[in-house]
Amino acid sequence: MNEERLDFRLMIYERQAVEIEARLRRSFPNALDGRSPSEVCETVAAALVRLAGYGFDRPGDMEVLAGWDVLLGAPFESLDPSGEIARICTSDASGRERLSAIIERMDKLEAAGKGPTK
C-alpha cells in the first residue's frame, strides 16, 4: 500500500476512533471513568489498524472488537488462554463469521469462569 493511501486510512481510523470513544463513553461511563478521551481514542485507533490487518472491514464489527480492547484490555485476543480467539481472527472465514465465532468463544470463556470479567 502506498504511503499516501496509508495516511488516508489512518486519518479515517482516527476519526472513527473519536466517534467510537464518544459512544463507548455514553454506554460505559463508569468503565471509562478516569481514562482520558485521548487515551481511549489511541486504544481504539490501534485496534482498528490491527483489525483491518486481520481483514475485518465492517465498521460495526470493528467497533465491537475495538470496544473490547478498551473495556477488557488490549489486545482482546490475548484474553483467551488457549489462543482460539487469535486463531479465529486470522482465519479465512468472512469477517461476519469470525465475529460470530469470537462472540461464541467469549461466551464460552465467560460460562467456564475464565472470561475477562472473572
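**Entry 1. A pair within α1**

I began with Glu21 and Arg25, whose side chains meet in a salt bridge at 2.5 Å, N to O. I counted a salt bridge where a side-chain nitrogen of Lys or Arg lies within 4 Å of a carboxyl oxygen of Asp or Glu. Both residues lie in helix α1, 4 residues apart, which is about one turn of the helix. I took helices (H or I, at least four residues) and strands (E, at least two) as DSSP runs, numbered from the N terminus.

I then looked up the accessibility of the two partners. Glu21 is buried, with a relative accessible area of 8%, whereas Arg25 is partly exposed at 24%. The cut-offs I used are under 20% relative accessible area for buried, over 50% for exposed, and partly exposed in between, with a 1.4 Å probe and protein chains only.

**Entry 2. Source and conventions**

I note that this is a predicted model, in which local features need pLDDT of at least 70 and side-chain atom pairs count only at pLDDT 80 or more, while totals for chains, interfaces and linings use all residues. Residues are numbered from 1 along each chain as its sequence is written, and side-chain values use heavy atoms, with hydrogens and water left out.

**Entry 3. The chain as a whole**

I recorded 6 helices and 0 strands for the protein chain. From the N terminus on, the elements run α-α-α-α-α-α. The chain has 118 residues, of which 31% are buried.

I also looked up how contacts are spread along the sequence, taking contact to mean heavy atoms within 4.5 Å. Among contacts between residues at least 6 apart in sequence, 53% join residues at least 24 apart.

**Entry 4. The other salt bridges**

How many salt bridges does the rule give? I found a count of 10. Side chains of opposite charge can pair when their charged atoms come close.

I looked up Glu39, which forms a salt bridge with Arg35, the closest N and O atoms being 3.2 Å apart. Glu39 is partly exposed at 35% relative accessibility, and Arg35 is partly exposed at 21%.

I next examined Arg58, which is bridged to Asp61 with the closest N and O atoms 3.5 Å apart. Arg58 is partly exposed at 42%, but Asp61 counts as buried at 3%.

I also noted a network of salt bridges that links Arg50, Asp69 and Glu77.

**Entry 5. Asp61 and the packing of α4 on α6**

I followed Asp61 further, since its place is in helix α4. Leaving aside neighbours within four places in sequence, Asp61 is in contact with Gly95, Arg96 and Leu99.

Two packed helices are described by the angle between their axes and the distance between the axes. I therefore looked up both values for α4 and α6: the axes come within 10 Å and cross at roughly 35°. The axes are lines fitted to C-alpha atoms, for helices over the stretch in contact, with angles running from 0 to 180 degrees between N-to-C directions. The crossing is left-handed, meaning that the near helix is turned anticlockwise from the far one by less than a right angle.

On the α4 side I listed Asp61, Val64, Leu65, Trp68 and Leu72, which meet Gly95, Arg96, Leu99, Ile102, Ile103 and Met106 in α6. These residues divide into 8 nonpolar, 1 polar and 2 charged. Here Ala, Val, Leu, Ile, Met, Phe, Trp, Tyr, Cys and Pro count as nonpolar, Asp, Glu, Lys and Arg as charged, and the others, Gly among them, as polar.

**Entry 6. The nonpolar core**

Which residues have the most contacts inside the largest nonpolar core? I found Val44, Leu51, Leu65, Phe76 and Ile102, in a core of 26 residues. A nonpolar core is a set of buried Ala, Val, Leu, Ile, Met, Phe, Trp, Tyr and Cys residues joined through side-chain atoms within 4.5 Å. The elements giving two or more residues to this core are α1 (3–27), α3 (37–54), α4 (59–72), α5 (84–89) and α6 (95–111). Helix α3 gives the most, with 7 residues.

I looked up two of these core residues, leaving aside neighbours within four places in sequence. Ile102 is in contact with Phe56, Leu65, Trp68, Phe76, Ile85, Ile88 and Cys89. Leu51 is in contact with Phe56, Met62, Leu65, Ala66 and Phe76. Leu51 lies in helix α3 and is buried, with a relative accessible area of 0%. Its C-alpha atom is separated by 8.1 Å from that of Ala66, 15 residues apart along the chain.

**Entry 7. A cis peptide bond**

I closed with the bond joining Ala74 and Pro75, which is cis with omega about -10°. Pro75 lies in the loop between α4 and α5.
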